[in-house]
Amino acid sequence: MRKYIALVLTLVCVLALVGCEKNDTYKIRITIPAGSTEAFVYSDEEISATGKKITISSGEGLGDTEVVLSPVNEMVETGYVATYLTPGLPVEFDAITGEWFKIGVSMQNDTDTDITVYVEVEGVEVRIE
């Protein structure tokens, strides 16, 4: 009987630990304003790396484009160049832990309404501007 109790308690502990897994994958919204001809449009949310890499994937409404990280702190030199992003092929950026960035996509909008697109980002924490 003690073996069964120990087995059940072990199983409960394992399930509890799996349930506590930290989620570091986020869906970031980028709104392309109506009539925008800017080279890059940036997210309102800001991201900071939780590890050594930041992985960005195409999300809802986003086709082939370029993506770039722009530092929030103007005193920090970016060092990041625009990287081609296509659906199904994520891109990785080397991370600077503790620095905050906005995600920019190269997309224009010649319509009269805003367009909302999403990127999926892994290895980050998120804050809203």
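**Figure 1. Salt bridge between Glu 60 and Lys 27 in the predicted model.** In this predicted model, the side chains of Glu 60 and Lys 27 form a salt bridge whose closest N and O atoms are 3.2 Å apart. Because Glu 60 lies in the loop between β4 and β5 while Lys 27 belongs to strand β1, the pair ties together parts that are 33 residues apart in sequence. Lys 27 has a relative accessibility of 48% and therefore counts as partly exposed. The structure holds 3 salt bridges, and the other pairs are taken up in the next two legends.

**Figure 2. Salt bridge between Glu 46 and Arg 127.** The closest N and O atoms of Glu 46 and Arg 127 are 2.6 Å apart in this salt bridge. The pair links distant parts of the chain, with Glu 46 in strand β3 and Arg 127 in strand β10 (residues 124-128), 81 residues apart. The two partners can be told apart by their accessibility, since Glu 46 is buried at a relative accessible area of 6%, whereas Arg 127 is partly exposed at 35%.

**Figure 3. Salt bridge between Lys 53 and Asp 94, and the pairing of β4 with β7.** Lys 53 forms a salt bridge with Asp 94, and the closest N and O atoms of this pair are 2.5 Å apart. Lys 53 lies in strand β4 and Asp 94 in strand β7, so the contact ties together parts that are 41 residues apart in sequence. With a relative accessibility of 39%, Lys 53 counts as partly exposed. The strands that carry these residues are themselves joined, as 4 bridges connect β4 to β7 in an antiparallel arrangement, and within this pairing Ile 56 stands opposite Val 91 of β7.

**Figure 4. The open sheet formed by β1, β9, β4 and β7.** In this sheet 4 strands follow one another in the order β1-β9-β4-β7, with antiparallel pairing. Strands β1 and β7 are the edge strands, each of them pairing on one side only. From one strand to the next, the twist averages 30 degrees.

**Figure 5. The largest nonpolar core and the surroundings of Val 119.** The largest nonpolar core has 23 residues, and those with the most contacts inside it are Ile 47, Ile 56, Leu 69, Ile 103, Val 119 and Val 121. At least two residues of this core come from each of β1 (25-32), β3 (45-49), β4 (53-58), β5 (65-71), β7 (91-94), β8 (100-105) and β9 (115-122). When neighbours within four places in sequence are left aside, the contacts of Val 119 include Tyr 26, Ile 28, Ile 30, Ile 56, Ser 57, Leu 62, Ile 103 and Val 105. Ser 57, one of these partners, is found in strand β4 and, at 16% relative accessibility, counts as buried. Beyond residues up to four places away in sequence, Ser 57 touches Leu 85, Pro 90, Val 119 and Glu 120.

**Figure 6. The environment of Glu 45 in strand β3.** Glu 45 has its place in strand β3 and is buried, with a relative accessible area of 14%. Although Glu 45 and Glu 129 are 84 residues apart in sequence, their C-alpha atoms are 5.8 Å apart in space. With neighbours within four places in sequence set aside, Glu 45 is in contact with Ile 28, Arg 29, Phe 101, Lys 102, Val 126, Arg 127 and Ile 128. One of these contacts, Arg 127, is also the salt-bridge partner of Glu 46.

Note on methods:
Residues numbered from 1 in each chain as written. Predicted model: local features only at pLDDT ≥ 70, side-chain atom pairs only at ≥ 80, totals over all residues. Heavy atoms only, no water. Core = buried A, V, L, I, M, F, W, Y, C linked by side-chain atoms within 4.5 Å. Buried < 20%, exposed > 50% of the residue type's maximum accessible area, 1.4 Å probe, protein only. Contact = heavy atoms within 4.5 Å. Pairing = 2+ DSSP bridges. Axes fitted to C-alpha atoms, helices over the stretch in contact; angles between N-to-C directions. Salt bridge = Lys/Arg side-chain N within 4 Å of Asp/Glu carboxyl O.
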